[in-house]
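Reader: I've got the sequence and the fold open side by side. Could you walk me through how the pieces are put together?

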Amino acid sequence: MESSAVSITYKHIICSAPKPGVGLIVLNRPQALNALCNALIRELNDALSRFDESKSIGAIIITGNEKAFAAGADIKEMAEMTFSVAYSENYTASWSHLANNIRKPVIAAVDGYALGGGCELALMADILYCTTNATFGQPEIKLGVVPGSGGSQRLTRIVGKSKAMELILTGHSFSGKEAGKWGLAAKVVDGGRGELVAAAIETAEQIASYSRVAVLAAKEVVSKSQELSLKEGTDYERRLFHGLFGTADQKIGMSSFSAKKRPVWSHL
């Protein structure tokens, strides 16, 4: 059954299901280089939630266009905001919906600019693919503020304190090649956006072909590694490993392997 997100017409994003099990979200504010405004975030969160809840979708991709994944937050929207409004409305908290609430694997496919909030959105994804032409950065210091959607935390965990300090304190951008070299990107594509999205779809389709229960558990244990000590994380992993022996798909997977047959997952 097709995901309901595909059948909805959004103003700032485009949704589709290009391959079985794959949900694709394209940020679509080209006139503003896909700058992240509250209206776009609301639509993105709605589409992510619909894909996450859909039984037909196993993995999700977020991408932009050739010029920009997302060039940052919409400065016009927040320029006159006061502390009272930002604090009382918990501004940007809803931007972390992807990181905090989406259980299915999400791939960010980045071409062009991914700056500020755009960089933070890409870092929230479980897997990041980019082109050599991608440009990342946290330039908030140039606006008199700091990253507000997890950039200082996720970037530091990936590149280390010294490099993150340099990038955030100077506002310097970095390339797709550097993103691959530093471990931000799992894959750097030499071609353009077409090749990038094709690579992301190929990976998403492969992930979606496995047991949905096992995929959810795999994402959960890797995510926990970022929060727990090695001992706590290893214990947590073992408990989920044990738990999967109570699923139908564990029996299907192991019996199919022994019989040298392709498993037909029940996702139960």
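Reader: In which sense do strand S7 and S10 pair?

Author: Before that, a caution: this is a predicted model, where local features need pLDDT of at least 70 and side-chain atom pairs count only at pLDDT 80 or more, while totals for chains, interfaces and linings use all residues. Residues are numbered from 1 along each chain as its sequence is written, and side-chain values use heavy atoms, with hydrogens and water left out. Helices (H or I, at least four residues) and strands (E, at least two) are DSSP runs, numbered from the N terminus, and two strands pair if DSSP finds at least two bridges between them. S7 covers residues 127-131 and has three bridges to S10. Tyr-129 sits opposite Lys-187 of S10. The sense of the S7 and S10 pairing is parallel.

Reader: Which strands stand at the edges of the six-stranded sheet?

Author: That sheet is open, has mixed pairing, and runs in the order S1-S2-S3-S5-S7-S10. Two of its strands have a single partner strand each, so one side of each is left without a neighbour in the sheet. They are S1 (13-16) and S10 (187-189).

Reader: Which strands does helix H9 touch when it packs on that sheet?

Author: Start with helix H1 (residues 38-53), which lies across S1, strand S2 (22-27) and strand S3 (59-63) and runs at about 175° to S2. Here axes are lines fitted to C-alpha atoms, for helices over the stretch in contact, and angles run from 0 to 180 degrees between N-to-C directions. H9 (residues 193-208) makes about 165° with the direction of S3. The strands touched by H9 are S2, S3, S5 (106-110), S7 and S10.

Reader: What is the order of the strands in the four-stranded sheet?

Author: This one is also an open sheet with mixed pairing. Strand S4 (68-70) and strand S9 (173-175) are at the edges with a single partner strand each, so each has one side without a neighbour in the sheet. Neighbouring strands are turned by 20° against each other on average, direction ignored. Inside it, S6 (residues 113-115) pairs with S8 (residues 135-137) in the parallel sense over three bridges, and Ala-114 is opposite Phe-136. The order is S4-S6-S8-S9.

Reader: Is the crossing of H6 and H7 left-handed or right-handed?

Author: The axes of H6 (residues 151-159) and H7 (residues 161-170) come within 7 Å and cross at roughly 135°. That makes H6 oblique to H7 (under 35 degrees is roughly parallel, over 145 roughly antiparallel, 65 to 115 roughly perpendicular, and the rest oblique). For handedness, a crossing is left-handed if the near helix is turned anticlockwise from the far one by less than a right angle, and right-handed if clockwise. This one is right-handed.

Reader: Which residues of H5 meet H6?

Author: The axes of H5 (residues 117-124) and H6 come within 10 Å and cross at roughly 55°, so H5 is oblique to H6. The crossing is left-handed. On the H6 side, the contact (heavy atoms within 4.5 Å) has Gly-151, Arg-154, Leu-155 and Ile-158. From H5 come Glu-120, Leu-123 and Met-124.

Reader: How many charged residues are in the contact of H10 with H11?

Author: H10 (residues 212-224) and H11 (residues 230-243) pack at an angle of about 170° with their axes 9 Å apart, and they are therefore roughly antiparallel. Ala-217, Glu-220, Val-221 and Lys-224 of H10 make the contact with Tyr-236, Glu-237 and Leu-240 of H11. Ala, Val, Leu, Ile, Met, Phe, Trp, Tyr, Cys and Pro count as nonpolar, Asp, Glu, Lys and Arg as charged, and the others, Gly among them, as polar. The split is four nonpolar, no polar and, for charged, three.

Reader: And the whole chain: what is its radius of gyration?

Author: The chain has twelve helices and ten strands. The globule rule (2.2 Å times the number of residues to the power 0.38) gives 18 Å for 268 residues, and the chain comes close to that, so it is as compact as a globular protein of that length. Taken over C-alpha atoms, the radius of gyration is 19 Å.
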